[in-house]
Every structure is written in C-alpha cells, then in structure tokens.
Amino acid sequence: MKKIFKTSAMGILAALLMGNSINAFAHKVGIVDMQTVYQQLPQMAKIEQTLKSEFSERRQELEKLQGDIRFEAEKFKRESATMSEDQKTALRDKIQGMQQTLAEKGRPLEQEIKQRQSQELAKVQKMILDAIESVAKKGKFDEVRLKETTIYFNPDKVSDLSDDIVEAVSKK
C-alpha cells in the first residue's frame with residue numbers, strides 16, 4: 001500500500017512539475033516586420049517631403065551645374081574640330097573647373113542630407129520602439145522579435161504586431 005501511495009504521489013508530482021515547466025516555456029511571442037512598418041508610416045513620407053523642400057534649392061543649383069557641364073562637354077565634342085588649341089584648352093579648363101565646383105558643393109550637400117535623414121529616422125525609430133513596448137505590454141506579450149532576424153515562426157502561435165505598431169505610431 002505504501003509503495004502504491006509513493007508511486008502515485010511521485011506520478012502526480014512529476015505531472016505537476018512537467019505542467020509547470022511546460023507553462024514556463026509557453027509564453028506569448030509577437031513579431032514585427034520593420035520593413036512593412038516603415039513603408040506604411042505616414043511620418044516617413046513627411047520626412048521625405050521635408051528633406052526635399054529643405055534641400056531643393058541647393059539640389060537645383062547642382063542640377064543646373066550638371067546641365068551646364070553636359071552642355072559644355074557636348075559643345076567641345078561638336079566644335080573641337082574647328083577650335084584652335086587655345087580655345088580647346090580654355091574650354092577643357094572651364095569644364096574641369098565646373099566639375100571641381102560640382103564635387104566641392106555636392107559632397108558636403110550629400111553628407112548634410114544623410115545627417116538630416118539620420119536625425120529624422122532616429123526620431124521615428126524611437127516612436128516605433130516606444131509603440132512596440134506599449135503594444136507588447138498592452139497585449140501582455142513576453143517577447144517581441146523582428147521578423148527580419150527570425151528564420152522561422154509558426155503564424156498560429158506568434159502574433160504579427162506590425163499593423164498595431166503602424167497604427168500606434170501613426171497617431172503620434
């Protein structure tokens with residue numbers, strides 16, 4: 001009788017422990033597709049428009065300079081056969097000077113644009129991370145992963161939070 005009692009008690013204890021360990025591994029996981037989130041956020045289009053307008057004047061200046069360089073290069077091709085050596089040299093020097101000016105103005109502009117993009121993107125990333133944390137807490141998720149870094153997930157057991165994140169960030 002004692003032996004049956006001990007065996008039964010051990011069986012019940014083992015079942016309880018297994019049940020607890022199963023519950024320890026059964027946690028709620030969410031996944032976020034950052035590419036989808038960025039594509040759907042209205043803030044990203046607003047940032048793009050802001051940066052375009054912010055740098056449009058300087059970009060137009062560089063585009064005009066590029067057009068002038070093309071015009072002078074075509075002129076050189078067309079008329080070089082009838083030009084004197086002094087005229088060819090002067091036109092080559094003019095084209096090279098314009099190309100140098102383009103490079104001197106273009107590099108700093110591109111760096112400035114990249115810096116501004118990074119600043120604006122950092123603001124959006126902070127809003128996204130705050131939204132992920134908020135949605136995860138509200139939905140009582142134990143873990144949220146990025147879809148881009150997850151090799152496999154079972155869509156029946158993992159919730160895609162991307163739309164919730166877009167909705168939350170769009171309201172801000």
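At 66% relative accessibility, Lys-140 counts as exposed, and in this predicted model the residue sits in the loop between H4 and strand S2 (143-146). The backbone at Lys-140 has a positive phi of about 55°, although the residue is not a glycine. Most residues other than glycine have a negative phi.

## Helix H3

Helix H3 covers residues 42-79, which amounts to 38 residues, and its first and last C-alpha atoms lie 51 Å apart, close to the 56 Å expected at 1.5 Å a residue. The helix carries a kink of about 60°, and this kink is centred on Ser-56. Which residues of H3 are buried? They are Gln-43, Ile-47, Leu-51, Phe-55, Leu-62, Leu-65, Ile-69, Glu-72 and Phe-76, and the partners against which the buried residues of H3 pack are helix H4 (85-138) and helix H5 (162-170).

Between H3 and H4 there is a loop, and Ser-80 has its place in it. With a relative accessible area of 17%, Ser-80 is buried; leaving aside its neighbours within four places in sequence, Ser-80 is in contact with Lys-75 and Lys-88.

## Salt bridges

The count of salt bridges in the model comes to 13. Three of them are set out below.

| Salt bridge | N to O distance | Location |
|---|---|---|
| Glu-54 and Arg-116 | 3.0 Å | Glu-54 in helix H3, Arg-116 in helix H4 |
| Glu-120 and Arg-116 | 3.0 Å | both in helix H4, four residues apart |
| Asp-130 and Lys-126 | 3.1 Å | both in helix H4, four residues apart |

The side chains of Glu-54 and Arg-116 meet in a salt bridge. Because Glu-54 lies in helix H3 and Arg-116 in helix H4, the pair ties together parts that are 62 residues apart in sequence. Glu-54 is partly exposed, with a relative accessible area of 39%, whereas Arg-116 counts as buried at 18% relative accessibility.

Arg-116 also forms a salt bridge with Glu-120, and these two residues of helix H4 are separated by about one turn of the helix. Glu-120, at 15% relative accessibility, counts as buried. The pair formed by Asp-130 and Lys-126 likewise spans about one turn of helix H4, and here Asp-130 is partly exposed, with a relative accessible area of 33%. Salt bridges that share partners join Glu-54, Arg-116, Glu-120 and Lys-123 into one network.

## Strands

In a regular strand the side chains alternate between the two faces of the sheet. From strand S1 (residues 29-32), Val-29 and Ile-31 point one way and Gly-30 and Val-32 the other way, and all of these residues are buried. Which way do S1 and S2 run with respect to each other, parallel or antiparallel? They run parallel and are joined by four bridges, with Gly-30 standing opposite Val-144 in S2. Strand S1 is also joined to strand S3 (residues 158-160) by three bridges, and this pair runs parallel; the bridge partner of Val-29 in S3 is Val-158.

## Nonpolar cores

In soluble globular proteins, nonpolar side chains tend to be buried together. The largest nonpolar core of this model has 21 residues, of which Val-32, Val-37, Leu-41, Ile-128 and Ile-165 touch the most other members. The elements that give two or more residues to this core are helix H2 (34-40), H3, H4 and H5, and the largest share, eight residues, comes from H4.

For Leu-41, when its neighbours within four places in sequence are left aside, the residues in contact are Val-124, Ile-128, Val-166, Val-169 and Ser-170. Apart from the largest core lies another core, of seven residues, among them Leu-65, Phe-76, Leu-91 and Met-98. Of these, Leu-65 and Phe-76 also appear among the buried residues of H3.

Technical notes
Residues are numbered from 1 along each chain as its sequence is written. This is a predicted model: local features need pLDDT of at least 70, side-chain atom pairs count only at pLDDT 80 or more; totals for chains, interfaces and linings use all residues. Side-chain values use heavy atoms; hydrogens and water are left out. The expected span of a helix is 1.5 Å times one less than its number of residues. The bend at a residue is the angle between axes fitted to the seven residues ending there and the seven starting there. Buried means under 20% relative accessible area, exposed over 50%, partly exposed in between (1.4 Å probe, protein chains only). Contact means heavy atoms within 4.5 Å. Two strands pair if DSSP finds at least two bridges between them. A nonpolar core is a set of buried Ala, Val, Leu, Ile, Met, Phe, Trp, Tyr and Cys residues joined through side-chain atoms within 4.5 Å.
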